[in-house]
Amino acid sequence: MRQRLAAANWKMNGLSRNLWDITNLAEWQKNSLVEILFCPPATLIHPIAKALTGLTGTSVQIGGQDCHTHASGPHTGDISAEMLRDCGATYVILGHSERRHGHNEQNILIRAKAETALRFNLTPIICIGESGEDRQHSRTLDIVTEQLEQSVPDGAADKGVVIAYEPVWAIGTGKTPSIDQINDVHMHIRKKLDTRFGSETGQRIRLLYGGSVKPSNAEPIFQCPYVDGALVGGASLDPRKFSAIIDALGST
Ligand code: PEP
């Protein structure tokens with residue numbers, strides 16, 4: 001059984017006063033069977049890690065939103081996997097569409113980042129997903145296959161890598177694919193992983209859905225048999241909404 005994962009992507013949002021949102025949620029969800037992850041901006045990782053160590057019984061994890069391919073060096077403004085680990089992160093989001101498109105990140109670079117993350121014991125959450133144009137031209141499965149093949153490193157399954165299927169056109173737009181569309185893509189990804197890593201090992205990789213998940217649509221999405229959790233942007237900034245999503249994940 002794969003443990004279900006609710007991951008919050010705060011993007012470039014969050015100040016020190018928002019620490020309470022996380023500690024409150026950790027308190028509310030103390031007994032949740034769902035694994036809970038916050039990926040705040042890098043400035044908040046250490047303060048959150050400190051605040052969480054003061055709480056008893058919480059298993060909330062912290063992650064970064066990107067890391068460099070190199071362990072250290074002359075890369076002004078970048079952050080390394082070792083730095084994320086050093087300040088308390090255990091996960092890192094890689095290849096988010098805002099980085100693929102806003103920073104022109106290609107599959108090969110994302111794979112190199114994932115390899116570096118693994119070297120420093122960070123679990124990569126590798127994001128893949130088609131654009132609206134790809135979807136309109138029935139290219140979704142081809143695009144997703146290519147991204148999977150090129151951005152997921154060998155050995156990913158042994159090391160617990162997570163894949164997030166995030167259709168670009170659904171991120172931050174309030175639009176979501178139909179349940180059939182989510183099912184089709186997740187089933188396709190699962191098959192590809194089984195073929196590449198072997199059905200037993202491939203099964204270890206968790207598949208998240210991401211793109212406009214909110215309390216009102218969470219349940220049917222989490223009922224999809226191949227969906228192991230969610231990567232949540234906008235709704236994760238409101239602790240009550242994120243908590244409701246976690247509840248839906250824990251009860252489906
Ligand atoms: C995301 O950015 O990963 C995301 C899924 O955003 P939203 O939930 O706001 O669509």
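A cavity here is a set of grid points where a 1.4 Å probe fits but cannot get out. With that in mind, here is a friendly tour of this predicted model in a few close-up views.

**View 1. The enclosed spaces of the structure.** Cavities of 30 Å³ or more number 2 in this structure. The largest cavity holds about 40 Å³ of space, and the second largest has a volume of about 30 Å³.

**View 2. The walls of the largest cavity.** Look for Gly95, Ser97, Arg100, Cys127, Ile128, Gly129, Glu166, Val168 and Ile171, which together line this space. Two elements, helix H4 (97-102) and strand E5 (123-128), each contribute at least two residues to the lining. Sorted by class, the lining of the largest cavity has 4 nonpolar, 3 polar and 2 charged residues.

**View 3. The walls of the second largest cavity.** Here the lining is made by Gln29, Lys30, Ser32, Val34, Ile36, Thr58, Ser59 and Val60. Of these lining residues, 3 are nonpolar, 4 are polar and 1 is charged.

**View 4. The ligand and its neighbours.** There are 14 residues around the ligand, and those that come nearest are Lys11, His96, Glu166, Gly172 and Ser212. Glu166 may look familiar, as this residue also belongs to the lining of the largest cavity. The shell around the ligand is made of 4 nonpolar, 8 polar and 2 charged residues.

**View 5. Polar atoms facing the ligand.** Start at lysine 11, where a polar side-chain atom lies 2.6 Å from an oxygen atom of the ligand. Asparagine 9 also brings in a polar side-chain atom, at 3.5 Å from a ligand oxygen atom. Glycine 233 takes part through its backbone: one of its polar backbone atoms is 2.8 Å from an oxygen atom of the ligand. On its own the ligand has 290 Å² of accessible area, and the protein covers 95% of this.

**View 6. The largest pocket.** About 530 Å³ of space lies in this pocket. It is lined by 21 residues, and the closest to its centre are Lys11, Met12, Gln65, Asp66 and Arg99. Helix H2 (42-53) and helix H4 are the elements that give two or more residues to the lining. By class, the pocket lining has 9 nonpolar, 7 polar and 5 charged residues. Two names return from earlier views: Lys11 is among the residues that come nearest to the ligand, and helix H4 also supplies residues to the lining of the largest cavity.

**View 7. A pair of aromatic rings.** The whole structure contains 3 aromatic pairs. In one of them, the rings of tryptophan 10 and phenylalanine 38 have their centres 5.8 Å apart and their planes at 80 degrees, so this pair is edge-to-face. Tryptophan 10 sits in the loop between strand E1 (5-9) and helix H1 (19-28), while phenylalanine 38 is in strand E2 (residues 35-39), so the pair ties together parts that are 28 residues apart in sequence.

Terms used
Residues numbered from 1 in each chain as written. Predicted model: local features only at pLDDT ≥ 70, side-chain atom pairs only at ≥ 80, totals over all residues. Heavy atoms only, no water. 1 Å grid on protein atoms, 1.4 Å probe; cavity = no way out; pocket = protein on both sides within 12 Å on 5 of 7 lines; lining within 4 Å. Points joined across faces, edges and corners; volume = space filled by probe spheres on them. Helix = DSSP H or I, 4+ residues; strand = E, 2+ residues; numbered from the N terminus. Nonpolar A, V, L, I, M, F, W, Y, C, P; charged D, E, K, R; others polar. Near = heavy atom within 4 Å. Polar contact = N/O pair within 3.5 Å; in protein donor to acceptor, adjacent residues only side chain to side chain. Areas by Shrake-Rupley, 256 points an atom, 1.4 Å probe, with all protein chains shown as cover. Phe/Tyr/Trp six-rings, centres within 6.5 Å; stacked < 30°, edge-to-face > 60°.
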